[in-house]
Amino acid sequence: MDTREDAAGGFEEHGAFEEHRPLLLGLAYRLLGSMWDAEDAVQEAYLRWTRTDPAEVETPRAYLVTIVTRLALDQLRSARVTREAYTGPWLPEPVSAAAFGPLETAEMTDTLAYATLHMMERLSPPERAVFVLREAFELPYEEIARIVGIPVATCRQHHRRAAARLAEGRDRFRPSTADHTELLGRFLDAARGGDLAALTDLLAEDVVAWNDGGGKVRAALRPVQGRDAVAAFITGLGARYGFGEVRIVEANGAPALWTHIDGHEQLTAFDVRDGRVHGLFAVLNPDKLGRVRPAP
C-alpha cells in the first residue's frame, strides 16, 4: 500500500472514530463519573482502534462501545479504592450535557442527571456497566453479556439489582427546566435572606447535603442529613460567609447554582422531585469545576 493509501485509510479510521466520540465519551463518563477519566478511556480506545484491522470489525459502534466499556470497568475498579480514601464525600465531576451531543431519550437524560450519577456510586462496577448499557443505550442483554464478559442471566440479575437500588428518586415526576430554575431562585432568596422557614419549606424531610472539597477546600466531611439540619447548615453558611455573586448554570442537563463562598468557587447541583429539594451536591474541589465554570 502506498503512502496516499495509508493516509486515506488513516483519515477513514479517524472519521469513523470521531463519528462515535460523543457517544463513547458519554458512556465512559456515566460509568466513571469523571470527565478526566472518561477522556483517558476514550483516548486509549482511539489508540487501539488505529491498531485494529478494519476488516476484522463488523460494526464499528459495537466494537468501540465494547472497548470503552472494558477500559472504563478497569478504571472504575481501581478508582473505587482511591475514592474510599478521598477526603470527605466524593462527588462526580459536573459537566455540561453539550459535551455528549443531543440527548435523544429520557433514559439518556436520566442517566446523566447528577443525582443518578451519585446514586450509581452504590453499584458494583459490573452492575453499573449493565445498568448504563441497558438504560442509556438500550442494548439487548445478549450484547451486554458479551461486552461485560458475564452470562446473560447474570446481566439480568445485575440490572434488576441496580434498578432496585436506584429506585428511590427515579421514575418520579421531575421538574421542567423552568420549574427547576424557579425553585432554585426561591431557594437562593431564602438562603440569602436567612429565611429559615421559607428554606425549610423547600426541603424534603429526608434531604441530604453533600460537600466535596477533596481536601483542597474546607467543606463538611460528612453528609448533612435531615430538613432542619440542612436548613440550619445553609443559613449558617450565608450568615458567616455570604454567597457572593450567584449565577444559574447548566450542569448535567439541569440548572445548578454557581457562586463564591469564603473566596472559593462552588457549584451546587440539586435533586428536585415533587416540588422539593431531596439532595444538594456542593462541589468545591477546584479540580472538578473546570467543565462548568461560566464565562466571565
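# Sheet, helices and empty spaces

User: What order do the strands of the sheet come in?

Analyst: The order is β2-β1-β6-β5-β4-β3, an open sheet of six strands with mixed pairing. Strands here are DSSP runs of E with at least two residues, helices are runs of H or I with at least four, and both are numbered from the N terminus; two strands pair if DSSP finds at least two bridges between them. The model is a predicted one, in which local features need pLDDT of at least 70 and side-chain atom pairs count only at pLDDT 80 or more, while totals for chains, interfaces and linings use all residues. Residues are numbered from 1 along each chain as its sequence is written, and side-chain values use heavy atoms, with hydrogens and water left out.

User: Which strands are at the edges?

Analyst: β2 (224-225) and β3 (246-251) are the edge strands, each of them pairing on one side only.

User: And β6, which way does it run against β1 and against β5?

Analyst: β6 (residues 276-283) runs parallel to β1 (residues 203-212), with six bridges joining the two, whereas β5 and β6 run antiparallel and are joined by seven bridges. On the β1 side, Ala-209 has Leu-280 as its bridge partner in β6, and Trp-210 stands opposite Phe-281. On the β5 side, Leu-267 stands opposite Val-283.

User: What sits between β5 and β6?

Analyst: The two strands form a hairpin with two residues between them, and Asp-274 in that turn has a positive phi of about 55 degrees.

User: How many residues of β6 are buried, and what about β1?

Analyst: Seven of the eight residues of β6 are buried, which leaves the strand mostly covered; buried means under 20% relative accessible area, exposed over 50% and partly exposed in between, with a 1.4 Å probe and protein chains only. In β1, eight of the ten residues are buried, so that strand is largely enclosed by the rest of the structure. β1 also pairs with β2, running antiparallel to it through two bridges, and there the partner of Ala-209 is Val-224.

User: Switching to helices, which residues of α9 are buried?

Analyst: They are His-180, Leu-183, Leu-184, Phe-187, Leu-188, Ala-190 and Ala-191. They cover an arc of only 165 degrees around the axis (taken from the directions from the helix axis to the C-beta atoms), which puts them on the same side of α9. The face turned away from that side carries the exposed residues Ala-178, Asp-189 and Gly-193.

User: What follows α9?

Analyst: Gly-194 does, with a positive phi near 65 degrees.

User: How far does α9 reach from end to end?

Analyst: With 17 residues, α9 reaches 24 Å from its first C-alpha to its last, close to the 24 Å expected at 1.5 Å a residue; the expected span is 1.5 Å times one less than the number of residues.

User: Any hollows? How much space is in the largest cavity?

Analyst: The largest cavity holds about 210 Å³ of space. On a 1 Å grid over the protein atoms alone, a cavity is a set of points where a 1.4 Å probe fits but cannot get out, a pocket is an open set with protein on both sides within 12 Å along at least five of seven lines, and lining residues have an atom within 4 Å of a point. Grid points are joined across faces, edges and corners, and a volume is the space filled by probe spheres set on the points.

User: What lines that largest cavity?

Analyst: Its lining has 18 residues, of which Phe-187, Phe-243, Gln-266, Thr-268 and Leu-280 lie nearest the centre. They divide into 14 nonpolar, four polar and no charged, where Ala, Val, Leu, Ile, Met, Phe, Trp, Tyr, Cys and Pro count as nonpolar, Asp, Glu, Lys and Arg as charged, and the others, Gly among them, as polar. α9, β1, α11, β4, β5 and β6 each supply at least two residues of this lining.

User: And the largest pocket, what is its volume and which residues are nearest its centre?

Analyst: The largest pocket has a volume of about 490 Å³; of its 24 lining residues, Thr-109, Asp-110, Ala-113, Arg-174 and Ala-254 lie nearest the centre. The lining of this pocket comprises eleven nonpolar, six polar and seven charged residues.
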